Amino acid sequence: MRTALFTLVRLGPSLAYATASVFLISMLLLEYSPSNASAWWLYMTILPIMREPIYLLFAVPGVGIRIAIALLILASVFGIQLALQPQRYLRSGFIHAHVALIATGLTMGRAAVAHASISSFSLPQLLRGDWSFLPLSYSPLATLLFVLVLSACICCHLRILGRTYRSGEEQAG
């Protein structure tokens with residue numbers, strides 16, 4: 001049971017990459033059929049989650065929508081292999097999970113915006129300003145995805161620390 005749970009947690013980054021590829025596929029669907037309500041629903045559901053990482057991916061020279069889809073599907077499939085054999089691909093799993101964490105964290109960071117301004121130097125004016133934080137995300141899917149990817153990163157760190165501790169014991173003994 002414990003092994004199955006950790007395997008599911010380690011699949012979090014693959015889910016993030018798969019979600020990004022579904023977002024790109026929804027963009028293609030909208031290109032070919034702009035009146036499709038299902039394509040619009042899919043696009044608008046995933047848009048707040050994957051907008052920033054996808055736009056960063058498109059900023060890389062030579063990366064179009066089809067190349068991005070292929071890269072994300074390959075990353076997702078590669079992540080399944082990494083999740084099934086975590087001890088064999090320790091460093092690759094670490095990098096895979098942390099790239100997904102940066103992408104989902106970027107989205108969460110862009111959603112949490114603090115607005116503060118000083119319209120004049122008087123204290124009453126300052127107190128009337130808006131100092132509230134927006135929620136981390138408007139989407140429960142984004143929050144779930146971030147928590148899964150963060151958990152996968154924590155698992156990577158624990159495996160690396162465990163391996164380092166075991167090798168230190170073997171050298172000392």
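## Start of helix 3

A side-chain oxygen of N36 comes within 3.0 Å of the backbone nitrogen of S38, at the start of helix 3. That is a polar contact: N or O atoms within 3.5 Å, one able to donate a hydrogen and the other to accept it, with residues adjacent in sequence counted only if both atoms are side-chain atoms. Helices here are DSSP runs (H or I, at least four residues), numbered from the N terminus.

This is a predicted model, in which local features need pLDDT of at least 70 and side-chain atom pairs pLDDT 80 or more, while totals for chains, interfaces and linings use all residues. Residues are numbered from 1 along each chain, and side-chain values use heavy atoms, without hydrogens or water.

## The bend in helix 3

Helix 3 covers residues 37–58, 22 residues in total. Its end C-alpha atoms are only 25 Å apart, short of the 32 Å of a straight helix. The expected span is 1.5 Å times one less than the number of residues. A kink of about 70° sits at L47, shortly before the proline P48. The bend is the angle between axes fitted to the seven residues ending at a residue and the seven starting there.

L47 is also buried (under 20% relative accessible area; exposed is over 50%, partly exposed in between; 1.4 Å probe, protein chains only). Other buried residues of helix 3 include Y43, I46, I49 and P53. E52, also in helix 3, counts as partly exposed because its relative accessibility is 21%. The C-alpha atoms of E52 and M108 are 9.7 Å apart, with their positions 56 residues apart along the chain.

## H96 and helix 7

H96 lies in helix 5 (residues 90–111). Its relative accessible area is 9%, so H96 is buried. It touches P13, S14, Y17, A75, F78, G79 and L82, leaving out residues up to four places away in sequence. Contact means heavy atoms within 4.5 Å.

Helix 7 (residues 140–172) has 33 residues and an expected span of 48 Å; its end C-alpha atoms are 48 Å apart, which agrees. Among its buried residues are C153, C155, C156 and R159.

## Confidence

Mean pLDDT, the predictor's confidence in each residue from 0 to 100, is 82 for the protein. In all, 82% of residues reach 70 or more. Confidence is highest in helix 2 (residues 12–32), at a mean of 94, and lowest in helix 6 (residues 123–127), at 44.

Over residues 113–137, pLDDT stays under 50. Where pLDDT is low, predicted coordinates should not be read in detail.

Definitions and conventions:
Helix = DSSP H or I, 4+ residues; strand = E, 2+ residues; numbered from the N terminus.
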